[in-house]
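Please find below my note on the two-chain model you sent round. I have kept to the contacts between the chains and to the pairing of charged side chains.

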Amino acid sequence: LKFSRILGFAIILGAFTLPAKSQEHAHLIFIVHPNNPIKDLTEQEISDFYFKKARFWKDGSKIRFFDQSPNSAAHRTFMQRILKKTAREIDLFWISEKNYNGQGAPVAAPSDEMVISSVASLPGSIGYISSTDEDLSGVKKVFVKGLE
Amino acid sequence: VSFVQSSSIVRRFRLLTVFLGIFLILEFVGILISSQTYLSGLKKLNRVNTFVNLAASSIVNLNSATDAIENNHSKTMYEAAETELNTALNTVIEMHPASPKVFGLFVDAQKSAKELDLKAKEVFLLSENPKKNALAISKDLLILKQYELDINESLRGAQIELSKIANQLFTELYSNRLNPVLVAFGLAILFFIIALRIGLNTSKRLGESLNYILHATDEVARGNLNFKVPVLDHDEIGRLSVAFSEMVKNLEASARNERIAGDRISRLQDITAEFSRALNPETVGNAVVLHGVAELGASGGYVATISANRETLELLSASGYSEEMFEKRRSASLSARMPSTISASTQISFFCENIQEVASLFEHPSDPSQMPQALASVPLLLEGKSIGSLTFTFNHGKIFSPEERDFVIALADLASQALQRAQLYDDAQKAIQVREEFLSIASHELKTPITSLKMQLQLAQMQTKPEQNLAPTPQKLARVFAVSINQVNRLTSLVDDLLDVSRFEAGKLSFDFAEFNLASSLKEVLERFESALAVAKCPIEILRMDEVSIVADNFRIEQVIVNLLSNAMKYGAGKPIQITLTQKEATVELAFRDQGIGIPLDKQAVIFGRFERASNTQNIGGLGLGLYIAKQIVEAHHGEIKVESQPESGSTFTLVLPLKPSPKTV
């Protein structure tokens with residue numbers, strides 16, 4: 001309950017700071033394994049996938065989230081626009097999760113390219129990239145409302 | 001009160017023993033069940049801990065496996081770790097944890113471990129040519145990490161879940177750790193309370209019962225026989241209490257009976273003493289009535305005796321009645337319907353306890369207020385013959401106890417004997433009087449001829465003087481002799497009569513039975529008495545003279561005739577005497593009727609007794625033995641002699657003799 005308040009507070013805080021930062025990183029593209037029938041997602045759904053509040057797709061397969069390394073621009077953008085949390089908040093969240101539920105933070109890929117190749121090879125996986133130049137032939141792009 | 005065979009004390013102890021047995025079994029079962037429960041909890045906890053350990057070791061092996069891939073690039077190490085991991089996971093799944101969540105987590109982990117294994121093998125294959133496959137390896141490692149994360153998450157989740165379960169189990173076990181002790185302790189307390197209660201109850205009741213008996217014993221020892229011992233239980237002591245009460249009751253009853261009997265005996269003794277002092281029937285009657293009334297608490301009582309002629313019941317003495325009642329009861333016909341006459345005539349004792357029973361004894365029970373409410377009327381019996389009755393009346397209903405009935409009957413018995421004694425005493429007094437009278441008469445009768453004889457002899461003696469040669473004249477002497485002989489004859493006759501009497505008394509008189517003509521005997525006697533009859537101026541009138549022969553003692557029958565004739569002459573001098581001799585079927589009747597002074601009614605019954613004379617007239621001589629002798633003679637002949645008389649108009653003596661005496665008595 002306490003955590004949800006903090007989360008709520010953070011979301012409100014994020015909403016105020018969002019317009020200024022979104023100007024800086026305009027691009028955030030979400031990709032899934034090509035066999036995945038999903039076409040669009042909401043920001044909340046993606047946040048839930050990341051925080052492992054939702055763990056399975058509708059067809060029952062496991063959701064495997066590919067993060068990017070915390071120093072990357074993509075991760076920062078993702079944090080600001082989707083998670084709407086600071087890095088510290090996220091760290092604390094995962095420490096607590098590990099202790100109480102045994103869940104750890106998603107695996108972080110070193111680059112957009114690695115995200116794409118991993119998502120393409122692992123069914124049920126989802127990831128994000130910041131570059132629009134990458135070849136998306138092996139994956140499937142999903143639309144996120146209010147992100148374009 | 002009935003008692004069961006086994007006592008309550010024994011039953012209580014038996015119950016206690018059974019109770020102890022049940023308790024031991026319960027205690028054992030209780031401890032067994034609770035310790036079993038505890039043990040199974042421990043086993044469960046152990047199992048959970050095994051799972052926790054397996055999960056932990058799986059995580060360690062997973063880490064070494066990934067470490068072997070990523071950092072050491074050692075396939076051998078990886079395989080060793082991977083085998084360990086798989087073994088641990090398989091073990092857990094085989095053991096099948098009870099919680100479905102935990103089971104699902106382990107299954108997930110196993111599934112991911114297989115994917116990881118495939119990926120790892122791919123990585124090792126690529127690693128044979130690292131430079132060429134650097135990109136592919138890094139890609140695979142990324143995916144491998146993803147798998148590792150999955151396994152890690154599953155195992156850690158399971159670990160956390162199992163820890164929760166273990167914690168819960170431990171808390172449960174810890175909080176229940178005292179259960180077996182509590183069960184044992186609780187049962188023990190329960191048993192202790194019940195056993196204590198039974199024991200206390202038993203001992204209290206026993207003590208109480210015993211105390212009551214002890215107390216009762218003290219009371220009885222002090223003489224209080226009314227103390228009752230309560231019966232608390234139907235056990236030995238209860239039995240003792242009942243027996244004790246019964247004993248005291250009997251003791252009391254016998255003491256009471258003894259007291260009553262003692263009272264009664266002392267009263268009877270008093271009565272006996274009083275009776276022995278009582279010299280006449282009235283005194284006896286008064287004593288009986290007074291003591292009886294006092295003893296029975298009666299309102300009144302009376303003694304009545306049957307008269308000599310056995311026709312009336314005469315009141316002897318009474319107490320507690322009005323003058324009017326007394327007069328009414330003074331004399332009653334024996335055939336009247338009254339309690340006293342009924343009991344006297346029927347010789348039955350009546351004890352009427354209420355007015356209905358009383359009324360049945362009266363002829364006209366019209367006025368109940370005149371009747372007593374209860375009464376006791378018993379006959380006075382003497383040698384099986386009723387001599388009267390003793391009656392007590394009550395003006396309230398009365399229940400006669402057996403002792404009271406016995407007392408009344410005993411009192412009547414004593415009264416009859418005392419009355420007889422008093423009567424005998426009275427009779428003896430009278431007899432003495434009669435004898436004294438006889439002696440004076442006899443001495444007078446004997447003295448008269450002796451004086452006369454003596455005078456004649458002295459006269460002759462005086463006239464005889466031998467020295468002067470003087471003597472009375474022959475004429476004078478003849479007169480002296482005639483008078484003397486006459487006087488001697490008179491003496492002889494008197495002495496003969498006395499001799500006859502004493503012979504009768506001794507039963508030594510003998511009879512010579514022979515057949516003779518009664519008519520000629522009578523005529524002979526009349527001839528002999530011719531001169532005497534002439535002197536007495538009694539002409540004989542023979543009204544009937546049957547010629548009849550009888551078998552009898554001629555001399556004695558003549559004696560009877562002489563007696564009767566001389567009596568008639570003596571008491572009817574100057575009047576004619578009528579004689580009748582009549583023959584009946586088997587008897588003969590000889591009657592002498594004079595017209596003399598007659599015999600009073602009350603003397604008619606006694607004139608045939610010894611020394612009895614109807615008249616005490618001094619101018620008529622005689623010992624009073626004639627009729628007594630006549631009666632004895634006639635009765636010896638099985639005949640009878642009777643008298644009919646009216647005072648101042650003469651008497652008729654009738655002699656009835658059988659023609660032949662019965663052969664038996666001859």
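The points below take the interface before the salt bridges.

1. The model is predicted, and every value in this note should be read with that in mind. On the extent of the interface, 25 residues of chain A are in contact with 16 residues of chain B. The area buried between chain A and chain B comes to about 1,600 Å², and carbon and sulfur atoms give 58% of that area. Of the area that chain A buries against chain B, 31% is supplied by A:Arg64, A:Val107 and A:Met114, which is more than any other three residues supply.

2. Between chain A and chain B the count is 7 residue pairs in polar contact, with both residues at pLDDT 80 or more. On the side of chain A that touches chain B, the elements that give two or more residues are strand S3 (64-68), helix H4 (87-100), strand S4 (107-109) and helix H5 (112-121) of chain A. The largest share of that side, 5 residues, comes from H5(A). By residue class, the side of chain A that touches chain B divides into 11 nonpolar, 8 polar and 6 charged residues.

3. Side chains of opposite charge can pair when their charged atoms come close. Between chain A and chain B the count is 5 salt bridges, and over all chains the structure holds 23. One of the pairs across the interface joins B:Glu153 to A:Arg55, whose closest N and O atoms are 2.8 Å apart.

4. Within chain B, B:Glu404 forms a salt bridge with B:Lys398, with the closest N and O atoms 2.9 Å apart, and both B:Glu404 and B:Lys398 are buried. A second pair is formed by the side chains of B:Arg556 and B:Asp500, at 3.2 Å from N to O. Because B:Arg556 lies in helix H15 (residues 554-571) of chain B and B:Asp500 in helix H12 (residues 474-506) of chain B, this pair ties together parts that are 56 residues apart in sequence. B:Arg556 and B:Asp500 are likewise both buried.

5. Is the salt bridge between B:Glu589 and B:Lys584, with its closest N and O atoms 3.1 Å apart, made by residues that are buried or partly exposed? B:Glu589 is partly exposed, with a relative accessible area of 24%, and B:Lys584 is also partly exposed, with a relative accessible area of 41%. Elsewhere, salt bridges that share partners join A:Lys62, A:Arg64, B:Glu115 and B:Asp150 into one network.

Methods
Residues numbered from 1 in each chain as written. Chains lettered and ligands numbered in written order. Predicted model: local features only at pLDDT ≥ 70, side-chain atom pairs only at ≥ 80, totals over all residues. Heavy atoms only, no water. Contact = heavy atoms within 4.5 Å. Buried area = accessible area lost by both parts, 1.4 Å probe. Salt bridge = Lys/Arg side-chain N within 4 Å of Asp/Glu carboxyl O. Polar contact = N/O pair within 3.5 Å; in protein donor to acceptor, adjacent residues only side chain to side chain. Helix = DSSP H or I, 4+ residues; strand = E, 2+ residues; numbered from the N terminus. Nonpolar A, V, L, I, M, F, W, Y, C, P; charged D, E, K, R; others polar. Buried < 20%, exposed > 50% of the residue type's maximum accessible area, 1.4 Å probe, protein only.
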